[in-house]
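Let's walk through this structure together, one piece at a time. Keep the 3D view open as you read.

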Amino acid sequence: MSPHFGFIHDYDLRANDEPSARGVTCAVCDTSPVLFQWSDYSGEAMCHECGCPYQLKWGSDEQRTESKYPYLSFMVEFVPIAREYWQAKKAFVTYGTMLNGHQWIAALNAWLRQHHPEWLEPKPEKAMIEKENPCPA
Ligand SMILES: [Zn+2]
């Protein structure tokens with residue numbers, strides 16, 4: 001798959017060439033199938049609609065060993081919050097995976113401060129989703 005949509009280059013959309021990118025329903029915006037774009041994290045792509053991040057390849061040692069891609073890159077507990085944000089704002093929920101995504105992160109943080117400030121507190125290292133958090137089918 002190599003859609004152009006007017007882009008000068010389509011590198012980001014090459015994420016859709018990954019076998020793990022096929023037939024995914026987004027856990028946040030329910031788009032199905034998801035059209036992905038690469039994030040700035042190795043092997044991770046985001047839903048083109050809402051920015052929900054998924055590990056399509058590589059990732060942690062556990063993910064490489066288990067190899068049941070895609071893996072949701074949000075904590076399961078954050079998915080309802082991300083869905084609420086998507087419903088309220090229709091804005092990217094990308095959270096730190098894009099080097100140039102600071103405007104989305106700032107908007108999400110402002111919304112979290114108002115609605116779910118507990119999510120602005122530091123979380124334990126387990127925050128990175130591992131094999132026990134497979135992508136919902
Ligand atoms: Zn989505």
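A good place to begin is the pairing of β2 with strand β3, residues 53-55, which run antiparallel and share 3 bridges. Bear in mind that this is a predicted model. Across this pairing, methionine 46 sits opposite proline 53 of β3. The two strands make a hairpin with 5 residues between them, and in that turn glycine 51 has a positive phi of about 85°.

Now look to the other partner of β2. β1 also pairs with β2 in the antiparallel sense, over 3 bridges. Here glutamine 37 has methionine 46 in β2 as its bridge partner. Once again there is a hairpin: 5 residues lie between β1 and β2, and glycine 43 in the turn has a positive phi of about 80°.

With the strands in place, step back to the whole chain. The protein chain has 3 helices and 4 strands, arranged along the sequence as β-β-β-α-β-α-α. Of its 137 residues, 34% are buried. Among contacts between residues at least 6 apart in sequence, 44% join residues at least 24 apart.

What lies inside? The largest nonpolar core has 30 residues, and the members touching the most others are Cys26, Val28, Cys47, Cys50, Cys52 and Val93. Elements giving two or more residues to this core are β1 (36-38), β2 (44-47), β4 (71-72) and α2 (79-89). The largest share, 4 residues, comes from α2.

Finally, zoom in on cysteine 47. Leaving aside residues up to four places away in sequence, cysteine 47 touches Cys26, Val28, Cys29, Thr31, Val34, Phe36 and Cys52.

Notes. Residues are numbered from 1 along each chain as its sequence is written. This is a predicted model: local features need pLDDT of at least 70, side-chain atom pairs count only at pLDDT 80 or more; totals for chains, interfaces and linings use all residues. A residue is buried if 20 or more other C-beta atoms lie within 10 Å of its own, exposed if 12 or fewer, and partly exposed in between; C-beta atoms are placed from the backbone. Two residues are in contact if their C-beta atoms, placed from the backbone, lie within 7 Å. A nonpolar core is a set of buried Ala, Val, Leu, Ile, Met, Phe, Trp, Tyr and Cys residues joined through C-beta atoms within 7 Å. Two strands pair if DSSP finds at least two bridges between them.
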